[in-house]
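Visitor: I am new to this model and should like a close look at a single part of it. Please take me through the second of its pockets when they are ranked by volume.

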Amino acid sequence: MSQEEKVGDLAESVGYLLKQAATALHASMDAVLRPQGLTVSQYSVLELLGHEPEQSNADLARGAFVTRQSMNEVLRGLQERGLVARADVAEHGRARPTRLTPAGHAALAVASSAVARVEKRMLSPLSPAEHAGLLAQLVACRDALTGEDAPTGEDAAR
């Protein structure tokens, strides 16, 4: 294996540093959400529903980066607390759209403000131009891995 085929120094590995940043962000979000009785996944659902109401379990699972099975548990917890409401029976097919309740909207307002402060702290070392550049670069990296031209399987191993 040539040197170009190895990750190399982890301090210079973009993937490793992205994982460290994501882990630090998750921990910081957890710290501000825990006093509100919310997990990061529960907050994600509230935020997703705040932007686009009436989403299905599968849509919420994709948006919150969890499995559909895990999303069932997340939704059950939010529903038991009265933060979301779901129809008992699906109107069409098997999807049971979920919506925020008034209590869910109130919880989202508090949680979203707390998470915005975390993100502001995370981005504080960056100028507005660097922030915009970072967003563009992250989108480009995501698209390179998820786009149609992204190598998969054996191609990715080469």
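**The second largest pocket**

Guide: Helix 6 is the main contributor to the lining of the second largest pocket, giving six residues; helices here are DSSP runs (H or I, at least four residues), numbered from the N terminus. The model is predicted: local features need pLDDT of at least 70 and side-chain atom pairs count only at pLDDT 80 or more, while totals for chains, interfaces and linings use all residues. Residues are numbered from 1 along each chain as its sequence is written, and side-chain values use heavy atoms, leaving out hydrogens and water.

A pocket is an open set of points on a 1 Å grid over the protein atoms alone, where a 1.4 Å probe fits, with protein on both sides within 12 Å along at least five of seven lines; lining residues have an atom within 4 Å of a point. This pocket's volume, the space filled by probe spheres set on the points, is about 270 Å³. Its lining consists of Val-14, Leu-18, Leu-135, Leu-138, Val-139, Cys-141, Arg-142 and Leu-145. Helix 1 and helix 6 are the elements that give two or more of these residues. By class, seven are nonpolar, none polar and one charged, with Val, Leu and Cys counting as nonpolar and Arg as charged.

For context, the largest pocket has a volume of about 1,200 Å³. Leu-138 is among the residues closest to its centre, out of 31 that line it. There, helix 1 gives the most, with eight residues.
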